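Colleague: I'm new to reading structures, and I'd like a close look at one part of this one. Could you take me through the empty spaces inside, and then tell me what else belongs in the picture?

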Amino acid sequence: KKVLKNLNLIKKSLFIIFVICLLFILVYNILHFDPILGYDAEAHYSYVDTFSRYLPDSFHLPTANESREFFSPPLPYLFPSSIQVICRNILSSQNLLEDCKPIYGKMTQIFQNILFLGSIYINLLTLRLFQEKRDFNFSFLILTMMLAANYRTLSIIKGEIYILFFLSILIYLLSKLEKNNFNYENRDILKFGIIIGLLALTRQWVFLIFPAFFIVYFKIKENKKSYLYFSSLSLIVGFIISSWFYFYNLFRYGSLTAFNTEINKTINLERISEFVSFDGISNYIFTNPIRPYFENKFLPIFYSDVWGDYWGYFTFTSRFLEIGRNQLNIGAYLGRVNLLSLITISIIFYFYFKTIRDSNSQTLLFINYSIILSFIGYFIWVLLYQTGSQGDTIKATYMTQAINLIVFISAISIEKIKKPSNYLSIIFILVLIFAHNFQSYLSHFPMFFPN
């Protein structure tokens, strides 16, 4: 009992310390990174400027001529557009369009940080349903904080952070329903369907997880009829809420999922072989894992972008070599980050598979198939829409939903380790790696740059 009491004290202390660390990272990046420096930032800002121009009098989605992100659902742009409307009504300026950009960009960054914190909190509540004890799951917190891709995702104007937030609500509701043997009321269908509809209005990546609802039906043995009715009716509600946007794309651009790049028509076995190849990466993967050394190779780019910053938008700051910190040795540092992250990913996948093997939860089945379908769909998409020889579409941000769900499942079994010494050993290793990788979570730009 004394050992368990000491273990609980250590876990609570570490939880508080890491919450403080998380808040520090988020505040630091708000001060040292501007969303205008993010992926395709000019396209996202032009979307906001066009969208907000007609608000609140009318609703106008950007066309292909007005923004390269014309194909993106509007929900992630609603908040910055609202701030833009407020800004232009209270700011005195000769160029309101330009002068409001830093304001709505920073406000959106803060808002997305709040969504990220909200998603973590909701996931922690959900994980309680899979634990005997009522304390928060520390391993989920630290593993989530070790995903460097998360910090870039919430620092730029994009829809992926909204996926994380609404997906956390979806999984919480699904877990509660499972605990109640899928004895649901009409309001449960409505709530679940609204979340599905909102998810569909964030980014198209979420459509990769929806087939998991039906796959789970064929895998479960209990509550099949209730599960099928609930899932089907909820998806219908989600369709009613979100389908207008995709039909709009169909009528205007000839496709439900319009895009700004033509599909690749020159795919062959040689190109696929090069895409999945590891040739030549040994010279850089643990020494200098930054663009353009991996050319168009999927796995090394994706791996380096999950744990580090292959594209240099955050820590390498490739477009501002004279401005970013530690530019002469950042490549070697990110190489060490990649090396140590082999330990992290080994721990994650070991306990991920253990959870899947030991559990018969319908919710975890849904999450597992969501992860599998997300990666399969994303891999095919990247293969079909390669935009050159540098693998520009291979970014960990796009699969934020999948990598965070993997951590969610893994954390369940880590917290169930019965022997305190084994649990503490794993946590100690993760804390050491977190400390070493800490710089990869922070922007290397000066404070308030470029404004």
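Modeller: Let's begin with the lining of the largest cavity: five of its residues are nonpolar, four are polar and none is charged. Keep in mind that this is a predicted model, so everything here is computed from it.

Which residues are they? The largest cavity is lined by Asn-123, Leu-164, Leu-167, Ser-168, Ile-171, Gln-401, Asn-404, Leu-405 and Phe-408. If you want to find them by helix, look at H8 and at helix H16 (400-414), since each gives at least two residues to this lining. The space itself comes to about 70 Å³. How many cavities of 30 Å³ or more does the structure hold? There are two.

Now for the other one. The second largest cavity has about 50 Å³ of volume. Around it you'll find Phe-116, Ser-119, Ile-120, Asn-123, Phe-140, Thr-144, Leu-164 and Asn-404. Try colouring Asn-123, Leu-164 and Asn-404 in your viewer: they're in the lining of the largest cavity, and they're in the lining of the second largest one too. The split here is four nonpolar, four polar and, again, no charged residues.

Which helix gives the most to the lining of the second largest cavity? That's H5, with four residues. Both H5 and helix H6 (138-145) supply at least two residues each.

H6 deserves a moment of its own. Is it enclosed or open? Eight of the eight residues of H6 are buried, so this helix is largely enclosed by the rest of the structure. Buried here means under 20% relative accessible area. You can tick the H6 residues off as you go: Phe-138, Ser-139, Phe-140, Leu-141, Ile-142, Leu-143, Thr-144 and Met-145. Two names on that buried list, Phe-140 and Thr-144, also turn up in the lining of the second largest cavity.

Back to H5, which spans residues 101-128. At Lys-101 there's a salt bridge to Asp-49, with the closest N and O atoms 3.6 Å apart. This pair ties together distant parts of the chain, as Lys-101 belongs to H5 and Asp-49 to helix H2 (residues 41-53), 52 residues away. Are the two partners buried or exposed? Both Lys-101 and Asp-49 are buried.

H8 leads us somewhere else. Together with helix H10 (212-219) and helix H11 (224-253), helix H8 (160-179) is among the things covering the buried residues of H9. H9 itself runs over residues 186-200, and its 15 residues reach 21 Å from the first C-alpha to the last, close to the 21 Å expected at 1.5 Å a residue. Its buried residues are Asp-188, Ile-189, Phe-192, Gly-193, Ile-195, Ile-196, Gly-197, Leu-199 and Ala-200.

Pick out Asp-188 from that list, because its relative accessible area is 18% and it counts as buried. What does Asp-188 pair with? It forms a salt bridge with Lys-191, where the closest N and O atoms are 3.9 Å apart. Both residues sit in H9, three residues apart, which is about one turn of the helix. Lys-191, though, is partly exposed, at 43% relative accessible area.

Here's another pair to compare. Arg-357 and Asp-358 join their side chains in a salt bridge, 3.6 Å from N to O. Arg-357 counts as exposed because its relative accessibility is 58%, while Asp-358 is partly exposed at 49%. Elsewhere, salt bridges with shared partners link Lys-11, Asp-135 and Glu-415 into one network. How many salt bridges are there? The count is 15.

Asp-358 is part of helix H14 (residues 330-358). Its C-alpha atom is 8.9 Å from that of Ser-413, although the two are 55 residues apart along the chain.

Finally, let's turn to an open space, the largest pocket. The volume of this pocket is about 780 Å³. Its lining is made of 30 residues, and Phe-71, Trp-205, Phe-259, Trp-381 and Thr-393 are the ones nearest its centre. Helix H15 (residues 362-384) gives the most to this lining, with three residues. The pocket lining has twelve nonpolar, eight polar and ten charged residues. Set that beside the largest cavity, whose lining has no charged residues.

Terms used:
Residues are numbered from 1 along each chain as its sequence is written. This is a predicted model: local features need pLDDT of at least 70, side-chain atom pairs count only at pLDDT 80 or more; totals for chains, interfaces and linings use all residues. Side-chain values use heavy atoms; hydrogens and water are left out. The expected span of a helix is 1.5 Å times one less than its number of residues. Buried means under 20% relative accessible area, exposed over 50%, partly exposed in between (1.4 Å probe, protein chains only). Contact means heavy atoms within 4.5 Å. A salt bridge is a side-chain nitrogen of Lys or Arg within 4 Å of a carboxyl oxygen of Asp or Glu. On a 1 Å grid over the protein atoms alone, a cavity is a set of points where a 1.4 Å probe fits but cannot get out, and a pocket is an open set with protein on both sides within 12 Å along at least five of seven lines; lining residues have an atom within 4 Å of a point. Grid points are joined across faces, edges and corners, and a volume is the space filled by probe spheres set on the points. Ala, Val, Leu, Ile, Met, Phe, Trp, Tyr, Cys and Pro count as nonpolar, Asp, Glu, Lys and Arg as charged, and the others, Gly among them, as polar.
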